[in-house]
Amino acid sequence: MRYAEVAVNASWGPTSTFSYSIPPDLTISPGQAVWVPFGPRTQQGVVIQVTDNPVYADTKPIAGIIGTAPATSQAHVDLARWISRRYLAPIFDCASLMMPPGFVLNSYATYSLAKSDNPNQLQGLKKDMVSYIDSKGSASQKDIEKEFGPKRTASTLSSLTRQGILSRKWEWSKPSAGPLVRATVQLAIDSKQAMQKAEAFAHQRQTVKARLLSTLAGLSGPIERYLLQDWAGASKADLDALEKEGLITGSSVRVYRDPVSARRPSLDEPTNLTLTGDQEKAWLQIKDAIITLLNGKTPDPILLFGVTASGKTELYLRAVQDVVEMDNRQAIVLVPEIALTPQAIDRFSRRFPGKVAVMHSGLTPGEQFDEWWRIQRGDFDVVIGPRSAIFAPVPRLGIIIVDEEHEPAYKQGSPPHYHARDVAIELARLTGAVTILGTATPDVETFHRAEQGELKLIRMPRRVPFSKPAETPLEKSYTNLANVTLVDMRQELKTGNRSIFSRKLQTSLEHTIAVGEQSILFLNRRGSSTFVQCRDCGYVVSCKTCQVAMTYHREGEAMVCHQCDRHLKTPTKCPECQSARIRFLGAGTQRVQEEVESLFPKAKSLRLDSDTTKERNASAKILDSFVAHEADILIGTQMVVKGLHMPMVTLVGVVSADTALYIPDFRSSERTFQLLCQVAGRTGRSPLGGNVVIQTYTPEHYAIQAAAKQDYELFYSQEKKYREELDQPPFNRLARLVFSHTNAEYALQTAKDMVVRINNEILRTAAPRSQVLGPVQAFPARMSGRWRWQLILRSPEPEKVIRNVLSPDPEKVRAPLKPDQGWEIDIDPVGMD
């Protein structure tokens with residue numbers, strides 16, 4: 001008898017597998033999706049391991065398989081186990097990351113009458129509920145809750161089921177995606193006969209039938225039925241009549257939804273570009289890693305540390321091309337944001353026409369489904385996308401590229417809280433692939449790992465030339481970084497300038513517009529005003545459920561909570577003292593655009609933030625429009641700083657460099673430096689040159705000083721010193737535990753109890769360099785009506801400490817990692833808010 005260890009789709013999120021026997025008639029291997037009995041239900045599962053001996057002796061047989069072959073590979077099964085252990089996440093949740101779109105189904109209960117007669121003894125809610133279910137024949141618990149309210153529905157249904165009055169049945173939700181099959185038609189006779197029939201129909205004034213047959217006679221094969229109807233102006237009845245007469249025949253065809261085709265360039269990418277000296281040195285080192293791969297060994301991960309516009313993308317393209325052509329393997333290219341995928345698709349599609357796939361949440365479920373299966377089938381050489389693309393089922397993975405590796409967007413915000421950069425390194429280890437982490441501003445922890453020899457560090461310290469005289473040697477024609485000017489906004493106030501723009505920035509914008517060039521204005525805050533306050537009593541309009549100030553948005557004249565998206569009408573009077581002296585304070589991207597339109601009415605501006613990119617493909621349309629020079633000024637949040645190539649941009653203005661500098665997070669200085677350097681890198685990418693104006697109230701801060709010089713290692717030396725003094729990453733690791741509850745006192749007490757449990761575990765095991773901090777109120781302290789308290793655990797192995805606290809008994813490893821409903825655990829968090 002063989003046994004399978006199965007990750008089960010259970011609502012309480014078990015972190016371990018469950019043992020099942022494999023029936024003799026089933027062929028099971030790791031990665032196979034299965035149905036398994038689990039309590040009173042049949043649940044989905046994924047086979048993690050096949051063994052001769054079960055972990056648990058009391059086993060039930062697997063009920064059936066889902067699909068005829070394993071849905072995921074052994075490497076991805078091993079990766080799921082690694083993510084589960086590393087991030088303390090339910091094993092099924094991790095395995096489902098590797099499965100096809102639409103795989104995860106939710107079970108729900110439906111109720112029907114078990115007795116044909118309605119018992120006379122029922123009164124009140126029970127009687128009403130039974131009558132409702134009887135009138136429907138059967139009803140889901142969700143529908144019953146809508147009718148009678150959720151408060152007493154569950155207990156009443158349980159009571160009626162125990163009494164034998166109702167019977168309960170578990171059903172599954174329908175898959176969110178599946179193959180698209182369309183009906184087709186074609187001639188059942190030859191073309192000559194079809195034309196003769198068409199003429200006959202025309203004489204009989206049956207013009208629609210005549211048009212249908214003549215159209216089909218001009219085609220070499222089948223056509224989708226709905227297209228033919230549109231072209232011929234025909235109805236379903238017209239086609240049915242021709243089919244009944246034996247003139248046409250119907251069939252069906254699988255249609256693939258292709259999200260890349262609309263952007264696929266027709267021109268080839270030039271492959272004979274001459275590399276600079278810096279590029280050539282870097283390429284030889286990358287080539288060594290590829291040779292290691294070809295020799296059947298796993299190369300060390302590479303940190304490609306190159307200033308903005310140093311030519312990293314060309315090296316990505318060459319590396320992928322070598323892996324594809326020399327070893328018939330494939331690539332995954334990660335970008336930090338969906339907004340960056342169009343530019344990446346354009347570059348790679350020119351080099352690999354028809355061989356580039358894209359995977360991200362902005363696709364329709366159907367597009368995701370088709371792309372996933374075509375990737376697994378091996379139809380593509382390159383898969384591009386944000387963090388979730390790392391789980392694409394590439395069958396012959398040879399190289400993974402993580403562009404802008406420093407970006408916090410690579411960290412998953414909801415459980416499981418994986419970091420795509422670290423997952424990429426692990427996946428490359430499991431598959432023997434090359435890993436390249438590219439950035440101009442490395443994450444401090446990544447650069448420290450390179451210093452320690454865990455990553456191979458390759459430097460590209462100079463920008464590629466954008467043009468040069470023919471007689472100038474390439475290695476002597478590097479382009480300078482943009483010129484940076486710091487503006488002390490304290491001095492602007494002293495001289496009477498109360499505008500959000502300094503005089504330097506205003507004159508720079510005027511000049512750029514006058515000469516027909518483009519500008520980017522960056523402010524990492526959306527909306528028109530940061531908050532609205534009464535000038536008499538000090539009242540600030542706040543969200544009732546999140547305890548944060550609401551932001552004023554002029555579009556729609558609404559106050560918006562950026563945490564829960566609650567909308568309120570903008571007050572004209574203070575709700576507390578009825579004063580009409582309402583003041584709009586602070587500035588967001590909407591306010592910046594309003595100021596631009598006021599100062600420069602002839603200039604065309606575009607805004608790129610989460611308010612303007614809610615519609616599908618909105619960010620791509622805005623960027624395409626700006627690159628086509630249909631606007632003079634692009635205003636945006638951090639979406640405008642990431643890896644965009646815009647040759648006509650000669651000015652970047654940072655409206656406020658201090659926005660992220662003083663948030664309660666030890667990474668705030670690093671994040672500020674990275675944002676400023678990255679946004680500065682958007683200009684100076686052509687012979688026109690570039691200038692950057694950074695407005696700040698703290699120009700003396702070391703992060704802003706280093707950003708003005710665009711000197712990463714100057715910043716790193718200072719930041720590393722602070723981190724070491726405070727025992728912060730990369731010198732130690734962190735875990736963030738947040739407990740939330742509707743009862744404020746209970747939330748605080750539960751968080752305090754957890755502190756005691758963790759401290760006891762640290763003492764019990766004498767865990768070195770381990771300390772728990774807190775509890776303190778999370779930010780925001782209240783979200784969606786739940787009070788939030790957080791703890792920070794500092795430890796070289798925080799996941800081990802927490803695992804021991806939550807499952808101290810090795811025999812109870814099935815216990816969920818959430819000690820109580822309301823806990824969220826984030827290992828190696830990228831933010832403290």
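Is Tyr722 buried, partly exposed or exposed? In this predicted model, Tyr722 comes out as partly exposed, because its relative accessibility is 35% and the class runs between the cut-offs of 20% and 50%. Its ring partner, Tyr702, falls in that class too: Tyr702 has a relative accessible area of 21% and is therefore partly exposed, given that buried would need a value under 20%.

Aromatic contacts turn up in quite a few places, with 20 aromatic pairs in the structure. Tyr702 and Tyr722 make up one of them, with ring centres 5.3 Å apart and planes at 65°. That angle puts the pair in the edge-to-face class, because the cut-off for this label is over 60 degrees. Along the chain the two partners are 20 residues apart, so the contact counts as a link between distant parts: Tyr702 belongs to helix H21 (residues 702-709), and Tyr722 to helix H22 (residues 712-726). Both tyrosines also belong to one aromatic cluster, whose other members are Phe305, Phe447, Phe673, Tyr712, Phe715 and Tyr716.

Rings also meet charges here. Arg41 sits over the face of Trp170, 3.4 Å from the ring centre. Arg374 does likewise with Tyr256, this time at 5.4 Å from the ring centre.

Next comes the empty space inside. Rolling a probe the size of a water molecule over the atoms shows where such space is left. With a threshold of 30 Å³ or more, the structure turns out to hold one cavity. The largest cavity has a volume of about 60 Å³. Its lining consists of Phe522, Asn524, Val654, Ser656, Ala657, Thr659, Ala660, Thr672, Leu675 and Leu676. Helix H20 (residues 668-680) supplies the largest share of that lining, namely three residues. In terms of chemistry, six of the lining residues are nonpolar and four are polar, while charged residues are absent from the lining of this largest cavity.

Finally, a look at one of the sheets. Strands of a sheet pair through backbone hydrogen bonds, either parallel or antiparallel. This one is an open sheet of three strands, ordered S11-S10-S12 and paired in the antiparallel sense. Strand S11 (223-224) and strand S12 (248-255) are the edge strands, each pairing on one side only. Between strand S10 (residues 180-187) and S12, the antiparallel pairing extends over eight bridges. As for individual bridge partners, Gln186 is matched with Thr249 in S12.

Technical notes. Residues are numbered from 1 along each chain as its sequence is written. This is a predicted model: local features need pLDDT of at least 70, side-chain atom pairs count only at pLDDT 80 or more; totals for chains, interfaces and linings use all residues. Side-chain values use heavy atoms; hydrogens and water are left out. Rings of Phe, Tyr and Trp (its six-membered ring) pair if their centres lie within 6.5 Å; planes under 30 degrees apart count as stacked, over 60 as edge-to-face and the rest as tilted. Helices (H or I, at least four residues) and strands (E, at least two) are DSSP runs, numbered from the N terminus. Buried means under 20% relative accessible area, exposed over 50%, partly exposed in between (1.4 Å probe, protein chains only). A charge sits over a ring if NZ of Lys or CZ of Arg is within 6 Å of the ring centre and within 35 degrees of the ring normal. On a 1 Å grid over the protein atoms alone, a cavity is a set of points where a 1.4 Å probe fits but cannot get out, and a pocket is an open set with protein on both sides within 12 Å along at least five of seven lines; lining residues have an atom within 4 Å of a point. Grid points are joined across faces, edges and corners, and a volume is the space filled by probe spheres set on the points. Ala, Val, Leu, Ile, Met, Phe, Trp, Tyr, Cys and Pro count as nonpolar, Asp, Glu, Lys and Arg as charged, and the others, Gly among them, as polar. Two strands pair if DSSP finds at least two bridges between them.
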